[in-house]
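Reader: Please take a close look at how the side chains pair with one another in this model, ring with ring and charge with charge. I would like every cut-off stated, and the surroundings of each partner described with care.

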Amino acid sequence: MAPGFVVDNDTFLLVGFGEIFMGFEMKPEKEVMELISSKNQCMSSPNSVNNKKKKKNKNKKMMMTWRRKKIDSPADEITAVRRLFNTCKEVFSNGGPGVVPSEDKIQQLREILDDMKPEDVGLAPTMPYFRPNTGLETRSSPPITYLHLHQCDQFSIGIFCLPPSGVIPLHNHPGMTVFSKLLFGTMHIKSYDWVVDTPMRDPKTRLAKLKVDSTFTAPCNASILYPEDGGNMHRFTAKTACAVLDVLGPPYCNPEGRHCTYFLEFPFDKFSSEEDDILRSEEEKEGYAWLQERDDNPEDHTNVVGALYRGPKVED
């Protein structure tokens, strides 16, 4: 899923230490450590100077013990998000447009995502990204925040942070296999797949079959869509504050023809007549809709902003 904008490393470099970003003040690590050190010195009692040598030797032993444990247990250092990154590298190593990973690899990545929690990526529902829209423009969708974790030619990892009533409009994923994990919150998902061997109404209007029209509440398993099925066109609507972790393989790429297209949705009868023999029964018609490419700019109907990812490191 991608809302029609580009987030790159240059964007994040504009946010420097000392600046206020999303309600947080960015400080260099050295400055923070000096602040902690000064507070610890203020809390020390006068008698602590006499015991300085004893504490120094004790701290030295504790430090050596901690370092030994860290070396002896390298597996403990692998965070959940690093494990996700390593698995994506393996799953999408031989991928490309329209290439679906093997069933074993799909299950491997799905199991990693199923175990992911908000704290694994440094998120909590109380963060500013998820505040309800209290402005006067109650009709418009509130801003959605995108956190960029990683992108390469084979795959991308990112998180969409939706406040209540946030909407990511109906859009496609050309030639992609997409994993979506709802980290917390309640979200309604509606998705479609194209109906094959059916004539288009016009160059921008095509028949699609409903795949999913349900509400999901975390914790729940990751959903997967494929280049030709699984609900390749979908819309997300946040019923409460939500965070969605997305893995795309391969990612969107305009030069290679994988651009994000948004659609308007119309009932089957809108562009059909009694002479049409595509679908006959009313039951069949309820499961189909006409999807029409939008002519307007995606930015006109998608309010998404990029923000700095603050969670555990994804890669070295």
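Author: A good place to begin is Phe 155, which counts as buried at a relative accessibility of 2%, where buried stands for under 20% relative accessible area, exposed for over 50% and partly exposed for what lies between (1.4 Å probe, protein chains only). The model is a predicted one, in which local features need pLDDT of at least 70 and side-chain atom pairs 80 or more, while totals for chains, interfaces and linings use all residues. Residues are numbered from 1 along each chain as its sequence is written, and side-chain values use heavy atoms, leaving out hydrogens and water.

The rings come before the charges. Eight aromatic pairs are present in the structure, a pair being two rings of Phe, Tyr or Trp (its six-membered ring) with centres within 6.5 Å, stacked if the planes are under 30 degrees apart, edge-to-face if over 60 and tilted otherwise. One of these eight joins Phe 155 to Phe 92 in a stacked arrangement, with 6.1 Å from centre to centre and 25° between the planes. Phe 92 sits in the loop between α4 (80-91) and α5 (103-114), whereas Phe 155 sits in the loop between β3 (144-151) and β4 (156-162), so that their pairing ties together parts of the chain that are 63 residues apart in sequence; helices (H or I, at least four residues) and strands (E, at least two) are DSSP runs numbered from the N terminus. Phe 92 is itself buried, with a relative accessible area of 2%.

A stacked pair is also formed by Phe 268 and Trp 290, whose centres are 6.1 Å apart and whose planes are 15° apart. This pair, too, links distant parts of the chain, given that Phe 268 belongs to the loop between β12 (263-267) and α6 (282-286) and Trp 290 to strand β13 (residues 288-293), 22 residues apart. Both partners are buried: Phe 268 has a relative accessible area of 4%, and Trp 290 has one of 0%. Returning to Phe 92 and Phe 155, one finds these two rings joined with Phe 85 and Phe 179 in one aromatic cluster.

Turning to the charged side chains, the structure holds four salt bridges, each a side-chain nitrogen of Lys or Arg within 4 Å of a carboxyl oxygen of Asp or Glu. In one of them, Lys 190 meets Glu 265, with 2.8 Å between the closest N and O atoms. Since Lys 190 lies in strand β7 and Glu 265 in strand β12, this salt bridge ties together parts that are 75 residues apart in sequence. The two partners differ in their surroundings, for Lys 190 counts as buried at 17% relative accessibility, while Glu 265 counts as partly exposed at 28%.

Glu 265 also meets the side chain of Arg 235 in a salt bridge, at 3.3 Å from N to O. Here strand β12, which holds Glu 265, is linked to strand β10, which holds Arg 235, the two residues being 30 apart along the chain. Arg 235 is partly exposed, at 23% relative accessibility. Taken together, Lys 190, Arg 235 and Glu 265 are linked in a network of salt bridges.

A further salt bridge joins the side chains of Glu 256 and Arg 258, at 2.7 Å from N to O. Its acidic partner, Glu 256, counts as exposed at 53% relative accessibility, whereas Arg 258, at 6%, counts as buried.
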